[in-house]
Structure formats: C-alpha cells, structure tokens
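Q: Please take a close look at one part of this structure, for a reader who has not met it before. Begin with one pair of facing residues, and then place that part among its surroundings.

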Amino acid sequence: DALYGELWVGPSPSLDEWSAALGIPVLPVADFAGPPEGALLAGPGWPEASQELRRVLAELRMIKDAWEVGQLREAVDRTVEGFAAVRDEVPAAIAGGGERWLQGTFDRYARTYGNGPGYATIVGSGPHAPTLHWVRCDGPVLEGEVLLLDMGVEVRSHYTADVTRTFPASGAFSPAQRQVHDLVERAHRAGLAEVAPGRPFTAFHHAAMEVVARGLHDWGLLPVSVDEALSDTGQHHRRYLACGVGHHLGLDVHDCAQSRPQAYHGARMEPGMVLTVEPGLYFHAHDRTVPPELRGIGVRIEDDLLVTETGAENLSAALPIDATGLERWAKERR
C-alpha cells in the first residue's frame with residue numbers, strides 16, 4: 001500500500017504503542033465488524049464511524065479539561081513566537097522573497113517547535129489580503145500595503161492555535177488602511193466583550209456584526225438602514241464580511257464541526273470552551289461599490305479565547321490589537 005505501507009512511508013505505531021501513548025485500550029477496527037442494529041459503528045468488513053458517532057465525539061470535545069487548555073496555551077504561545085519570526089523576515093520578503101518566503105518561515109517554525117501548521121498558512125499582501133483563504137501565497141509583499149497573516153502552530157499533541165493580525169509592511173498604516181483597521185478593531189473588541197459563560201454562542205458574532213454595519217453605514221456604503229441591514233432578510237453588510245465571526249478551537253482548527261446546530265450555534269457558552277473571535281472587512285480591488293482608496297484593503301483580527309467561570313481569557317493577548325500597537329510591533333525587528 002503506497003499510502004500506508006511501511007515499505008513506502010515507514011512504520012506506524014502498533015496497537016500496543018497506541019494504548020501506551022493514550023492510556024486506554026486500543027482495539028483493531030475489524031473487531032467492530034457486524035455490530036448489532038443501532039450501534040454507532042456499522043457496515044461489513046472495515047466499517048466506518050456513523051454520523052451519530054461523529055456527532056457524539058464532536059460535542060464531547062466542546063469542553064476542554066485542564067490538560068487540553070494547557071496544550072492550547074502552548075499552541076498559542078508558539079504561534080505568537082511564529083508571528084515574530086515572520087515579522088522579522090518582512091524586509092526579505094519585500095526585497096524579493098514575497099508571500100512564499102513568509103509562509104515558509106512560519107511553516108518551518110511550526111514544524112520545528114510543534115507538529116506543524118494547524119492549517120494552510122494564509123499570507124496576503126495588498127490586494128490578496130481581502131481573499132479570505134489566500135493560501136496560494138505566490139505574490140509579492142508590497143511595502144506600502146497591509147499584510148494579513150492568519151497562522152497557527154499545531155503542537156505535537158495535535159491541538160492547534162488560530163490567530164490573525166493585519167499590519168502595515170512598512171510599519172505605518174496609511175489613513176485609509178487605519179480607517180478600516182480601526183473599524184475592525186472596534187468590532188473585535190465588541191465581540192470579545194460578549195464571550196462569557198451563559199451567553200449565547202452567537203452573541204459575539206452579532207455584537208461584532210452590529211459594529212461593522214454601523215461603521216459601513218456611517219461611511220455611506222450601505223444602501224439601507226442599519227436595522228434593515230442587520231435583519232435576517234437584509235445582511236447587506238455581509239458583502240464585505242461574508243464569513244462568520246468565530247468558531248470552536250481544539251484538535252481541529254474548526255473543532256466540533258460535526259455537532260448538532262442546537263449544540264453549537266444554538267447553545268450557550270460554558271467554562272472550558274475555547275473559541276475564536278475574528279471579524280474583518282474585505283474590500284476587493286475590483287469592487288466598485290467602495291471608494292478607490294478602500295479598494296484592495298483587507299483586514300482581519302483573530303484571537304483565541306478560553307471561557308472561564310467569570311468571563312474569558314484572551315490566550316493570544318500577547319499580540320497587539322490596536323493600530324498603533326501593531327505599528328510599534330511591526331518595527332520591533334529582533
């Protein structure tokens with residue numbers, strides 16, 4: 001087997017080795033062949049886990065125990081260090097290395113100090129920054145444009161961070177760039193303030209979206225009132241923010257994704273949950289609904305938060321959020 005065979009890819013851990021590593025008995029999947037009707041595993045021969053099993057496992061992962069929180073703290077700390085390593089290479093990227101150089105810098109750091117990147121590293125300069133998942137990373141790094149970095153180290157236990165910052169490659173925002181960043185920052189802080197036990201999981205999403213909608217309305221970019229834009233049949237502001245504003249985090253970058261809607265977006269936050277808050281604004285270079293000075297600007301701010309008994313802890317708070325702090329951080333070459 002060229003995909004799994006030891007001759008091709010090297011030896012895999014035995015069941016005994018897995019048992020020792022995990023501290024629980026590990027049995028061959030074939031032992032589950034022919035389960036009784038209604039069991040979570042079904043199918044002849046080599047069975048697949050049912051959707052019900054995936055759902056149960058996803059929902060069990062929503063509340064992290066102390067050990068898991070420790071792994072996520074380590075993942076975030078390594079990610080913050082990886083951001084600094086990338087920042088230090090920005091001059092080399094501007095000189096010719098481009099987005100690839102920065103992507104490679106972070107991925108090398110993640111492989112050295114963790115298991116690897118937790119997801120495809122996003123490095124978007126200038127007109128690439130508004131593309132939500134710009135993992136191609138094949139463009140130049142433009143000195144006069146903002147640089148959006150969405151990166152996360154996965155530690156060797158496979159828990160991953162997911163952090164985003166947007167900063168000027170030159171070290172100084174232009175007035176238009178700062179205008180966009182300041183609005184995203186206000187939305188981000190509004191979202192952070194809503195993360196607490198007992199509150200709806202969607203609270204931070206709605207809080208951030210309201211700030212975005214009001215800001216876009218103030219700029220004259222909404223064709224309707226703020227109330228109509230925020231209504232279920234409106235959502236005009238979503239032209240510039242097409243994605244959600246956060247998700248669970250853990251063994252996967254979008255952890256617990258197989259959960260029931262009522263257990264995920266329809267649930268309330270509880271202590272031990274770890275989630276992201278990540279509003280943004282994405283003005284594509286070809287978008288004629290925005291003035292020329294805003295075209296080609298993309299900004300996202302993303303932090304990883306632990307819900308506590310009394311509120312929330314921002315695990316990635318070591319990276320600045322405000323524009324002035326990011327300008328200062330961008331210039332702190334090691």
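A: In this predicted model, valine 307 stands opposite alanine 312, a residue of strand S12. Valine 307 is one of the buried residues of strand S11, which covers residues 303-307. S11 pairs with S12 (residues 312-314) in the antiparallel sense, over three bridges. The two strands are joined by a hairpin, with four residues making the connection.

S11 has a further partner. Strand S8, residues 274-277, also pairs with S11 in the antiparallel sense, here over four bridges. Within this pairing, leucine 275 has leucine 305 of S11 as its bridge partner. S11 is mostly covered, since five of its five residues are buried. The cover extends to both faces of the strand: Asp303, Leu305 and Val307 lie on one side, Asp304 and Leu306 on the other, and all are buried.

The surroundings may be followed next through leucine 72, whose contacts include Val274. Leucine 72 belongs to helix H4. Its relative accessible area is 1%, against a cut-off of under 20% for a buried residue, and leucine 72 is therefore counted as buried. Setting aside neighbours within four places in sequence, leucine 72 also touches Lys64, Tyr159, Thr160, Leu249 and Gly250. Leucine 72 and alanine 161 are 89 residues apart along the chain, while 6.5 Å separates their C-alpha atoms.

Helix H4 leads on to another sheet. This open sheet consists of three strands in the order S4-S5-S7, with antiparallel pairing. S4 (122-125) and S7 (163-168) are its edge strands, each pairing on one side only. On average, and with direction ignored, neighbouring strands of the sheet are turned by 10 degrees against each other. H4, which spans residues 66-88, packs on the sheet and touches S5 and S7, and its direction makes about 150 degrees with that of S5. Helix H5 (residues 90-113) lies across S4, S5 and S7, running at about 155 degrees to S4. Between S4 and S5 (residues 146-151) there are four bridges, again in the antiparallel sense. In one of these pairs, isoleucine 122 has aspartate 150 in S5 as its bridge partner.

In soluble globular proteins, nonpolar side chains tend to be buried together. The largest nonpolar core of this model has 42 residues, and those with the most contacts inside it are Phe83, Leu102, Leu147, Leu149 and Phe167. At least two residues of this core come from each of H4, H5, S4, S5, S7 and helix H9 (323-330). H4 gives the most, with seven residues. Apart from this core lies another, of 40 residues, including Met209, Val224, Tyr240 and Cys256.

One further packing completes the view. Helices H6 (residues 175-192) and H7 (residues 203-218) pack at an angle of about 155 degrees, and their axes are 7 Å apart. Angles over 145 degrees count as roughly antiparallel, so this description applies to H6 and H7. Their crossing is right-handed. Where the helices meet, H6 contributes Leu183, Arg186, Ala187, Ala190 and Gly191, while the residues of H7 include Phe204, Ala207, Val211 and Leu216.

Notes:
Residues numbered from 1 in each chain as written. Predicted model: local features only at pLDDT ≥ 70, side-chain atom pairs only at ≥ 80, totals over all residues. Heavy atoms only, no water. Pairing = 2+ DSSP bridges. Axes fitted to C-alpha atoms, helices over the stretch in contact; angles between N-to-C directions. Contact = heavy atoms within 4.5 Å. Core = buried A, V, L, I, M, F, W, Y, C linked by side-chain atoms within 4.5 Å. Buried < 20%, exposed > 50% of the residue type's maximum accessible area, 1.4 Å probe, protein only. Parallel < 35°, antiparallel > 145°, perpendicular 65-115°, else oblique. Left-handed = near helix turned anticlockwise from the far one by under 90°.
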